[in-house]
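Colleague: Please take a close look at the side chains of opposite charge in this model, and then show how the rings and helices around them fit into the picture. I am a first-year student, so a slow and connected account would suit me best.

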Amino acid sequence: MRNRYDMKSHLVRLILLFILATGPTLFKVSGTASALEPTPDTLMTQGLHAYQRGSFDQALAAWKQAADLYEQAGKIGEQSQALSRAAQVSESLGQISQALQQLELALTLAQQTGDRTRIAVVMENLGRTYLTARKPDAAVHYLTQALAIAQADEYPDKGRSLISAIHNDLGIAHVAQQHNADALAAFSSSAQEAQAADDLPLTVRARINAARIELKLNHPINARDWLDLAFGTLKDFEPSHDKAVNLVQVGLGYQRLRASMPTMNAPLLLRASGVLVEAATVAGQIADARMRSYADGYLGHLYETEYRYDEALHLTRHAVFSAQSANAPESLFRWQWQLGRLLAATGKLDEAIASYSHATATLRPIRREVDSAWETDLFSGEDSVRGVFFELADLLLHRASLTGDSQEAEPDLRWARDTIETYKAAELRDYFRDDCVDTLQTRITKLDTLAAGTAVVYPIIFADRLELLISLPDGLRRLSIPVSSATLTEEVRAFRKTVEKRTTREYLPHAQQLYTWLIRPLEPDLASFQINTLVFVPDGPLRTVPMAALHDGKQFLIEKFAVATTPGLNLTDPKPIDRAKVQLLTTGLTRAVQGFPSLPFVEEEINTIRTLYQGGQLLNAEFSAPRLEQELKDHPYGILHIATHGWFASDTTQSYLLTYNGKLTINELDRLIGLFRYRKDPLELLTLSACQTGIGDDRSALGLAGVAIKAGARSALATLWFINDEASTELVSEFYRQLRNPKLSKAQALQLAQQKLLSDRVYEHPAYWSPFLLLNNWL
């Protein structure tokens, strides 16, 4: 007992002597507290080690704690560095907003130190993160500032590495802007600068990016040379997370070269598989489960392309396990998806559907994390999530077709439709870059039953066919139309291009062909249920054309049915408008301002509307963002009518409505009238009577379709293209006149207004009346 006590006392003394000897550099003793806390410098080292082995959560926690401790010590330079490191991990985890916040603070601190190199480094990090956030213009803003500082840096070697990193980021920005030649020049410069600075990791990254852009430019031999250089440099790296990442990217590069170099297929296949095996080995050596999942998963995909399904299944299941153990959903959904494809290919339909279902469930809450892979998507040109939803819907439709009982098939039909609904909601979130969709979905009930006389037409465009799901009063029907996506899209583009030409009837054959595919197969059911209203939930290119102008050979669709459009059934709040109490705010421009032509008939339009509804008015100089905001705060308007020039672009930040002295962006519109979203009675109707979208621009049409959701309105009336000012006034005035009739829905009010113009010899051409779309709630 005595010897054991002496040994224990001796051990305690040794520990105390060690603590006293090491002093504050390793441990901090706080007063009489027994807890020993690591220093911020130690936490920075711990974070780096965790990051190198792929333990991102641990790295983030360590670097955030270090930043807090540096702040307490008043070391703003070190705090800035710790925040930059934390932002790097946040970006890797897909937490883009958090990363940007950390970097903005890091930049402020760096500017306080006056350290120009530190400022340039943080600006480069900001530029790279804005690229991940899909904001290339903001990225270029910071990157060009960083480059100017770095090129004036008095420390050549350090400056060269930074210049190389900036050139690499600028190359990615050029890819985003589709300036491929500029991108190649930037990546080449980056590789040269990095090699001169002996920055081997950056040299490899730039060479991989140069290979990607060479392949995009259809220069496969040059792409292979860049990949060979990158792989040759990587061989000498010590095992690390970055080495595993770069090996996976090189392996993918060789794999993608196979399609462009068919005579080299066998050696490229061997090279790709060998590199991916090496990536898996490196990931295993450092216990990086996340990167092991990518290496095994992509190797499994390689075997999938060779129809070696047993090996592919084995590797893919390993990838799923590794992603689960790493808590990496942004990786996991890919391998669950791949497993579903492999199971489907081997005839295991039910298991395949289950795996696809797991993939969509994994993906749903992490859609923004998937955006962190945008750099890769830029080069591949692939939609990172669309396939999983459409392939699952395809399998469900196939399973539904295997039963002859319509009641047994209906659950799979509904599941297929709901799967596409999930994707449509994600599309809108991505377009508007916020959660306006989620806000709407929290206050509406799912549309399972329809009003009498209403049918919902739900087209789903697959590569080899068009599927139509039709909701009728007695349930769901399915029709499969044998027209490919390419053929359908070509016909849609031709229709949109010709229907705007007011002096010709070139549109007619295209209008009739689309009617044959989309409507004629439904005619027996529409007749038997006495349908009078068609609600379309268009997919892809179908968003860009007015369904009202489809033609059966004798008459337009609008002559037989009221027509409405919604971006998604689960995004529609189907409640009728309270016509007795509704107040209307009319706003707009009649004068020519900011280089836009005058709209002289707007005044007549507004005066007519004001005779029908009580409310306020903001015209010309009164129509400004501040006045609009104040008016909406002061009065409980149910209808907002905006008669002004508007443009919907692929990028929501480029979409606007013209005011007297400025431009109202869609985000600003959302801010101004978003308060309706939280009222018991939201904005019933938003009318935009002079807006337009680009021909063939599916994303801008998506923005138009989603404007009601973004603005927190139940319905919107808007135009696909700018039309004759006088014709617009005629149609809009008649719409509001018909809307006063409580027996009519909004869709029927629009139908009667369109029919009135159609009966007028001056405005009978569909270019005048068909671009008006009723969006979302049609009741």
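Modeller: A salt bridge is counted here when a side-chain nitrogen of Lys or Arg lies within 4 Å of a carboxyl oxygen of Asp or Glu. Please keep in mind throughout that this is a predicted model. By that rule Asp-464 forms a salt bridge with Arg-465, and the closest N and O atoms of the two are 3.1 Å apart. Although they are bridged, the two partners are covered by the protein in different degrees: Asp-464 counts as exposed because its relative accessibility of 52% is over the 50% cut-off, whereas Arg-465 has a relative accessible area of 12% and is buried.

The structure holds 27 salt bridges, and a few others are worth following from one residue to the next. The side chains of Glu-304 and Arg-341 meet in a salt bridge, with 2.9 Å from N to O. This pair links distant parts of the chain, for Glu-304 belongs to helix H14 and Arg-341 to helix H16 (residues 329-345), 37 residues apart. Glu-304 is buried, with a relative accessible area of 13%, while Arg-341, at 22% relative accessibility, counts as partly exposed. Helix H14 (289-305) also appears in another contact, since it is one of the helices against which the buried residues of H13 pack, together with helix H11 (220-234) and helix H12 (241-260). Among those buried residues of H13 are Leu-268, Leu-269, Ala-272, Val-275, Leu-276 and Ala-279. An α-helix has 3.6 residues a turn, so residues three or four places apart point the same way. Helix H13 (residues 265-285) has 21 residues, which should span 30 Å at 1.5 Å a residue, and its end C-alpha atoms are indeed 30 Å apart. Just after H13, Ala-287 takes a positive phi of about 55°.

A further salt bridge joins the side chains of Arg-477 and Asp-525, at 3.6 Å from N to O. Here too distant parts of the chain are linked, because Arg-477 lies in strand S5 (residues 475-481) and Asp-525 in helix H25 (residues 523-528), 48 residues apart. Arg-477 is partly exposed, with a relative accessible area of 27%, and Asp-525, at 24% relative accessibility, counts as partly exposed too. The pair described at the start, Asp-464 and Arg-465, is part of something wider: salt bridges that share partners join Asp-394, Asp-464, Arg-465, Glu-467 and Arg-478 into one network.

From the charges we can turn to the rings, of which a search of the whole structure finds 17 aromatic pairs. In one of them, Phe-389 and Tyr-423 are tilted, with 5.9 Å from centre to centre and 45° between the planes. Phe-389 sits in helix H20 (residues 386-401) and Tyr-423 in helix H21 (residues 406-432), 34 residues apart, so that this pair links distant parts of the chain. Both Phe-389 and Tyr-423 are buried. A contrasting arrangement is given by Phe-556 and Trp-769, an edge-to-face pair with 5.1 Å from centre to centre and 80° between the planes. Phe-556 lies in the loop between strand S6 (533-536) and strand S7 (562-565), and Trp-769 lies in helix H33 (residues 766-769), so the pair ties together parts that are 213 residues apart in sequence. Phe-556 counts as buried at 7% relative accessibility, and Trp-769 counts as buried at 0%.

Coming back to Phe-389 and Tyr-423, they form one aromatic cluster with Phe-390 and Phe-462. Charge and ring meet at this cluster, for the charged end of Arg-386 sits over the ring of Phe-390, 3.7 Å from its centre. A similar placing is found where the charged end of Lys-663 sits over the ring of Tyr-656, 4.5 Å from its centre.

It helps, finally, to set these pairs in the whole protein, which has 33 helices and 17 strands. Of its 779 residues, 56% are buried. Among contacts between residues at least 6 apart in sequence, 69% join residues at least 24 apart.

Note on methods:
Residues are numbered from 1 along each chain as its sequence is written. This is a predicted model: local features need pLDDT of at least 70, side-chain atom pairs count only at pLDDT 80 or more; totals for chains, interfaces and linings use all residues. Side-chain values use heavy atoms; hydrogens and water are left out. Helices (H or I, at least four residues) and strands (E, at least two) are DSSP runs, numbered from the N terminus. The expected span of a helix is 1.5 Å times one less than its number of residues. Buried means under 20% relative accessible area, exposed over 50%, partly exposed in between (1.4 Å probe, protein chains only). Contact means heavy atoms within 4.5 Å. Rings of Phe, Tyr and Trp (its six-membered ring) pair if their centres lie within 6.5 Å; planes under 30 degrees apart count as stacked, over 60 as edge-to-face and the rest as tilted. A charge sits over a ring if NZ of Lys or CZ of Arg is within 6 Å of the ring centre and within 35 degrees of the ring normal.
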